[in-house]
Structure formats: C-alpha cells, structure tokens
Amino acid sequence: MIPLRPLSLGEILDGAVSVLRRHWRTVLGVSIAVAVVTQVCEVILQRLVVPQPPGIDSSASPSEALDQLADTLQSTLITTLLTLGITLIGTLFTTAVLTVVVSRSVLGRDVTFLDAWHEARPRLLQLLGLTLLLPLISAALVAVALVPVLVTGSDAGLAVSVLLTFVALAVAVWLMVRFSLASPALMLERQGIITSMRRSVKLVRGAWWRTFGILLLAGLMAAVVSAVIAVPFGVVATLADGGSGLSSALSGETPHFGWAYTVISGIGSVVASALTLPFSAGVTVLLYVDRRIRREALDLELARAAGITGYDSPHPGPGPVGG
C-alpha cells in the first residue's frame, strides 16, 4: 500500500485513497453502516424527540423577543449536543475499525470486518476516553480565557478575555496537533490514554508544522468532497420539499423543512461520511506510520512482517506496528 520508507505528502494522501480502493467492501461496509445508523438516530431525535425551536415573532416586544431567542438557542443547543454525541459514537466506532484495516493494509494483508472488530473492540472504551479528553482540554482553555469578563463584567475584562481567547485557541490548536497521533498509538500499540498522548507528543516532536499542514490539507479535502456531495443533494431536497423551508428562512422566519428534505439531505450526508471518514482515518494512521519510520525505523519491522527478504534501511531502532 505504501513504500517502506519515509513518506511524502502525496504518498500519504494516495495511500489513504488506496486503502479505500483495495478494501472497499470492508471500508465502505463499516462507514456506510455507521453513517446510516447515525443519520437515522439524528433524524429521529430532531424530528420526533427534541421539540422544534419556537418561531420568532417579528411584532414581539424587546423582552418577548429576548425570551423567544433564548428558547430558540436552548432548543438548538440541545439538538446540537445530542447530534454531536451521536456523531462522536459513530466516528469512534469507524475510527477504531478503520485504524486496524489501514494498519493491515500497510503490510499488504486483507482484513475482514470481523477481524478488524475483534481486534478493535477491547480498545473502544479507552479510545472513547481519549476522544472525550481532547476536546475537554480545549474547552477548559477557552473557559479560563473567559474568567476576566465573568469576574469583572467590565469592558476591560471583556478586552482581556477576547485577547486570552485568541491565545487559548492558538494553544488548543498546538496541543491538538501534538496529540493528533494518540488515537493510532492507542489502537495499535495497546497503550493507555496518557501513555498514548505522550507517544503522540514524542512522534510529532520536530515535525509540528508538517503534521499540522498534512492534517489541515486532509481536512480541507474532506470538506470539499462533502460539500460537492451535499450541494446537489441539498438542491434536490429543497425542490422535493417544495421550497417551503427555504422561503421561510429567506423571510426571516424559523425554517421548517418537511420529511422529503430530511430524507434526501440525510442520504447525501451518508454518502459524504462514507467517503470522507475512511480517508481522514487513513491519513492519520499513515502519518503515524511515517513518523515511526522516521524516528524508529519502523520500515525494517514492516518489511520483515510483510516477508520482504534482503530489505535494508539506514534507520536504526526498529519497533513493531503493534507496540
């Protein structure tokens, strides 16, 4: 799937796509199944469980308008948190299984869904803890930045909080890149959460900007693919819905889309997720492999595991994929 040497940017991106092509049955089977279940749960929550946000009355008094806005924000926040929770679980399951698939693809080995699930299942709880811990760290940094304005309530406190928020966001990005390889380290080396985070810091050390650039480019590519898929589905969904939701949104009212719009746009989301999730997971795992090749001569161990005879490399200190 990849050359057994330090990888270039193009080889990492091409390797992620090659995994999707070579193991498309397993990869798409996992990603489509998870995307369908996730989308169905989101639709049920949004349409049947969580109450629809109240409309904004343009003729309401200022106090009534504030109350209506607060109710709308509360409903939107509940829906968003529930949706993020469902998406987190789906992404967690997909990442765990696809990490195993990509790691086996590096060795040129086929892997079925049951094989990948059997290997990934014992690590799911720890992966969940890691997945929750990383955004909590970012949220804590931003929360600390808001302390001055919350304590003082003055314009000076607001100015300090705005400045600290920018600093907190920069620190959060810096930390998230340093911890970006913790997930494959946890899955493939079978280490704990904190140990995996330390492994990620060690692997990223000296290559922060390269790691950041590759992850940013992969994220932008995934976003473009999602948009290209979502736009035509969104247009078809709007036409099938009769344009009522769009017209209400343009008139300043709370948009209410029908079931036709929800189903068709949901299909678009499933297709987009089925293609972008494997690509993103593949890039992360191959970036992890690349860093281990550069720092620990993992290519020697990969060559032995793949049964390549006479392979030699100038890199010292090999270590196996699994730890």
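This report walks through a pocket, a surface patch and one buried residue in a predicted model.

## The largest pocket

Let's begin with the empty space. Rolling a probe the size of a water molecule over the atoms reveals where such space remains. In this model, the largest pocket has a volume of about 1400 Å³, and 45 residues line it. If you want to find its centre, look for Leu 88, Thr 91, Thr 95, Thr 131 and Leu 277, the lining residues that lie nearest to it.

Which elements give two or more residues to this lining? They are H2, helix H3 (62-106), helix H5 (124-145), helix H7 (155-178), helix H8 (182-189), helix H10 (208-240) and H12. The largest share comes from H3, with 12 residues.

## A nonpolar patch on the surface

Now turn to the outside. Val 225, Trp 259, Val 263, Ile 267, Val 271 and Leu 275 form a nonpolar patch on the surface. Together they have about 490 Å² of accessible area. Helix H12, which spans residues 259-296, gives the most to this patch, with 5 residues.

Take Leu 275 as an example from helix H12. Its relative accessible area is 35%. Leu 275 counts as partly exposed because this value falls between the 20% and 50% cut-offs.

## A buried glutamine

Is Gln 39, in helix H2 (residues 24-49), buried or exposed? Gln 39 has a relative accessible area of 18%, and since buried means under 20%, Gln 39 is buried.

Who are its neighbours? Leaving aside residues up to four places away in sequence, Gln 39 touches Gly 266, Ser 269 and Val 270.

Notes. Residues numbered from 1 in each chain as written. Predicted model: local features only at pLDDT ≥ 70, side-chain atom pairs only at ≥ 80, totals over all residues. Heavy atoms only, no water. Buried < 20%, exposed > 50% of the residue type's maximum accessible area, 1.4 Å probe, protein only. Contact = heavy atoms within 4.5 Å. Patch = residues over 30% accessible without salt bridge, like charges linked within 9 Å, V, L, I, M, F, W, Y side chains within 5 Å. Areas by Shrake-Rupley, 256 points an atom, 1.4 Å probe, with all protein chains shown as cover. Salt bridge = Lys/Arg side-chain N within 4 Å of Asp/Glu carboxyl O. Helix = DSSP H or I, 4+ residues; strand = E, 2+ residues; numbered from the N terminus. 1 Å grid on protein atoms, 1.4 Å probe; cavity = no way out; pocket = protein on both sides within 12 Å on 5 of 7 lines; lining within 4 Å. Points joined across faces, edges and corners; volume = space filled by probe spheres on them.
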